[in-house]
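Trainee: Could you please take a close look at a single part of this structure and explain it in connected form? I should also like each term to be explained where it is used.

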Amino acid sequence: MKTLEQKELNNNIAILIWNMAAGSALAWYVSNGLGSAHPYLAPLSVILCLQSTFSKTFLLSLKRIIGTVIGILVSVLIASYLTFNGWELGLLILIGCYITKWFRFDRIVLHQVALTILFVFAFEHKTSHYATDRMRDTIVGVAVAIIIQYIWSRVRWKNQLRTNKLP
């Protein structure tokens, strides 16, 4: 027999699954409607940013946007002077991550910077608008994740209020 805590955990996981699925679909269509050639980037942000609480989702979303902005800036400003190879990718990541460290951002932002540099460096050579799509689609995905988490937190709070089970 499952304990109340196990049932609540299973319920929370089921809610996360539904939120990720619905949020990913919505983010894909919004991004696609805004003209993205890479609409999969918006659901990526939804999946990565949805957390257990609104505040955690919001904080991670903010860090994702900051890391994406730094990564795009480093890639776009410097990559045009470089050839496309592994050493120069490493150099871009080194520069971008040290800029992030200089601003005293945490490891989450650092990882976002490195990932963004990798993908912008790799894909901008193939499509000249990848960086723009990356920024727009990240914002779309983050916005969808925050809205979904906000709505869910309000529903959960009202249910707790109704049943007098406020934390």
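Mentor: A residue counts as buried under 20% relative accessible area, as exposed over 50%, and as partly exposed in between (1.4 Å probe, protein chains only). The model is predicted, so local features need pLDDT of at least 70 and side-chain atom pairs count only at pLDDT 80 or more, while totals for chains, interfaces and linings use all residues. Residues are numbered from 1 along each chain as its sequence is written, and side-chain values use heavy atoms, with hydrogens and water left out.

The part chosen is helix α3, residues 54–79; helices here are DSSP runs of H or I with at least four residues, numbered from the N terminus. F54 is partly exposed, with a relative accessible area of 29%. F58 is likewise partly exposed, at 42% relative accessibility. Both residues lie in α3, 4 residues apart, which is about one turn of the helix.

The structure holds 7 aromatic pairs (rings of Phe, Tyr and Trp, the last by its six-membered ring, with centres within 6.5 Å; planes under 30 degrees apart are stacked, over 60 edge-to-face, and the rest tilted). The ring centres of F54 and F58 are 6.2 Å apart and their planes stand at 25°, so this pair is stacked. Y150 joins F54 and F58 in one aromatic cluster.

Y150 leads on to helix α6, as it is among the α6 residues that touch α3. The axes of α3 and α6 (residues 130–162) come within 9 Å and cross at roughly 175°; an axis is a line fitted to C-alpha atoms, for helices over the stretch in contact, and angles run from 0 to 180 degrees between N-to-C directions. That makes α3 roughly antiparallel to α6 (angles over 145 degrees are roughly antiparallel, under 35 roughly parallel, 65 to 115 roughly perpendicular, and the rest oblique). The contact (heavy atoms within 4.5 Å) involves F54, F58, I65 and V76 among the residues of α3, and M135, V142 and Y150 among those of α6. By class, the residues of this contact divide into 13 nonpolar, 6 polar and 2 charged (Ala, Val, Leu, Ile, Met, Phe, Trp, Tyr, Cys and Pro are nonpolar; Asp, Glu, Lys and Arg are charged; the others, Gly among them, are polar).

Helix α2 (residues 41–49) also packs against α3, at an angle of about 135° and with the axes 9 Å apart. The two helices are therefore oblique to each other. The crossing of α2 with α3 is right-handed (the near helix is turned clockwise from the far one by less than a right angle; anticlockwise would be left-handed). In this contact L44, S45, L48 and C49 of α2 meet T57, L60, S61 and R64 of α3. Its residues comprise 4 nonpolar, 3 polar and 1 charged. T57, S61 and R64 also belong to the contact of α3 with α6.

K63, finally, is found in α3. K63 is buried, with a relative accessible area of 17%. Neighbours within four places in sequence aside, K63 is in contact with D106, I108, V109 and Q112.

In summary, α3 is roughly antiparallel to α6 and oblique to α2.
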